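Subject: Structure handover

Hello,

Here is the structure for your files. My notes on what was found in it follow below.

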Amino acid sequence: MRALTFRIFALVMLLALPARAFDTNARAAWVYDVATGTVLMEKNADEPLPPASMSKLMTVYMLFEALEEGRVQSDTRLPVSTKARQMQGSTMFLNEQDRPTVEELIKGIIVLSGNDACVVVAEGLAGTEEAFARQMTERGKALGLTHSTFANASGWPDPRHRMSARDLGILAQRLISDFPDLYRSFAIEEYRFDDRAPANRFNRNPLLKLGIGADGLKTGHTQEAGYGLVGSAVQGDRRVIFVISGLQSDRARAEEAERIVNWAYRQFTMKTIIPQGEIVAQAPVWLGGQGKVGLTTVDGVRVLIPAGSQSGVTAEAVFRGPIEAPITKGDRLGELVVNIPGAGQSRLPLLAASDVARTGVLGRMQGAAFRLGHKAIQAVRN
């Protein structure tokens with residue numbers, strides 16, 4: 001068999017100006033469009049940096065997993081140790097007499113950024129915070145967090161506690177996709193836990209009240225890390241996830257986050273170039289009850305076009321053919337290579353659109369004769 005390439009189309013965009021790159025003031029940044037799987041911008045995205053409270057997202061992820069697996073319930077009560085009560089920084093003001101529920105702890109971590117709540121969760125799930133931190137590192141690697149190591153559950157400063165901007169963005173995406181119902185907790189703007197700290201009842205995410213579709217995720221700040229934010233917003237059919245860190249103030253963080261969201265939605269246009277279910281190519285079939293099989297994508301193809309792009313989007317179907325029967329609908333048979341001006345290349349799997357049964361004995365003999373003849377002709381040409 002040989003590799004076959006078919007040009008599907010060339011979509012030409014005639015716009016006036018090139019898309020403007022985003023020049024961020026953050027030390028590290030990563031911006032991602034979920035619908036198209038496109039990284040819109042990155043800066044020092046793979047540099048392991050102190051994540052501060054943004055790393056609480058990993059603690060929340062593991063708690064969500066425990067809920068999904070039935071190891072705890074939302075009304076499960078967990079004990080508060082002296083270590084948890086002694087945590088400094090942002091807390092729920094828990095003490096050893098408390099038995100907060102898992103639901104309260106989720107809100108306490110997400111809305112109040114409670115360091116004490118993180119320790120309660122860590123000890124409740126793994127026995128000790130140290131054991132939980134090791135589990136965080138192992139689970140992070142399994143999730144694809146290649147530049148992350150965890151020394152604690154809260155993001156408390158520690159030279160062994162590091163995450164990259166890209167890893168934080170990947171983790172945010174997994175929280176959104178793996179736990180769509182639980183994820184709604186990240187949009188809670190205010191939580192009064194027993195009215196113990198009225199001044200600490202508001203979510204620190206500066207985007208939630210701006211009406212721009214923001215629904216998460218987590219801020220972070222220490223002297224070493226500066227001010228950071230893992231954020232996400234939905235407008236229309238698009239969700240954008242972004243990470244910024246190393247800013248100089250909470251005001252700078254809020255302004256930079258809003259600028260990024262506006263840029264991501266105004267400087268790129270999403271185009272559906274192949275609708276879901278559409279046949280994009282026909283692949284020849286060998287020894288099958290039919291001579292061809294349609295190729296299609298999983299969800300169709302949508303791409304982002306930078307504002308002002310001068311050239312066109314092209315797509316090519318690449319597969320090795322002829323493809324031997326039998327073929328089952330959904331079998332991966334090749335790739336669709338989409339070249340996007342100003343945004344690089346995207347590769348999507350091409351799947352069989354239908355079943356193709358293997359032909360009978362006579363058909364197989366004819367197919368074998370055809371194949372031998374084809375090889376003989378190729379040998380003569382060579």
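A polar contact here is a pair of N or O atoms within 3.5 Å; within protein, one of the two must be able to donate a hydrogen and the other to accept it. Please keep in mind that this is a predicted model.

That definition is needed for Thr59. A polar atom of the Thr59 side chain lies 2.6 Å from the backbone oxygen of Ala153. Because the cut-off is 3.5 Å, a distance of 2.6 Å falls inside it. Thr59 belongs to helix H1, which covers residues 56-68. Is Thr59 buried or exposed? Its relative accessibility is 0%, so Thr59 counts as buried. Apart from neighbours within four places in sequence, Thr59 is in contact with Ile109, Val121, Phe132, Met136 and Ala153. Ala153 therefore appears both in that contact list and as the owner of the backbone oxygen in the 2.6 Å pair.

Next, the charged pairs. How many salt bridges does the structure hold? The count is 25. Three of them are described here, beginning with Glu96 and Arg85.

Glu96 and Arg85 form a salt bridge whose closest N and O atoms are 3.1 Å apart. The two residues are 11 apart in the chain and link distant parts of it: Arg85 sits in helix H2 (82-85), while Glu96 sits in the loop between helix H2 and helix H3 (102-110). Glu96 has a relative accessible area of 24%, so it is partly exposed. Arg85 is partly exposed as well, at 39%.

A second salt bridge joins Glu335 to Arg347, with 2.7 Å between the closest N and O atoms. Glu335 is in strand E13 (residues 332-340) and Arg347 is in strand E14 (residues 344-352), so this pair ties together parts that are 12 residues apart in sequence. Relative accessibility is 25% for Glu335, which counts as partly exposed. For Arg347 the value is 47%, and that residue also counts as partly exposed.

The third is the salt bridge between Arg192 and Asp195, where the closest N and O atoms are 3.1 Å apart. Which residues share a salt-bridge network with Arg192 and Asp195? Glu190 and Arg201 do, and the four are linked in one network. Arg192 is partly exposed, with a relative accessible area of 44%. Asp195 is partly exposed too, with 47%.

Regards

Terms used
Residues are numbered from 1 along each chain as its sequence is written. This is a predicted model: local features need pLDDT of at least 70, side-chain atom pairs count only at pLDDT 80 or more; totals for chains, interfaces and linings use all residues. Side-chain values use heavy atoms; hydrogens and water are left out. A salt bridge is a side-chain nitrogen of Lys or Arg within 4 Å of a carboxyl oxygen of Asp or Glu. Helices (H or I, at least four residues) and strands (E, at least two) are DSSP runs, numbered from the N terminus. Buried means under 20% relative accessible area, exposed over 50%, partly exposed in between (1.4 Å probe, protein chains only). Contact means heavy atoms within 4.5 Å.
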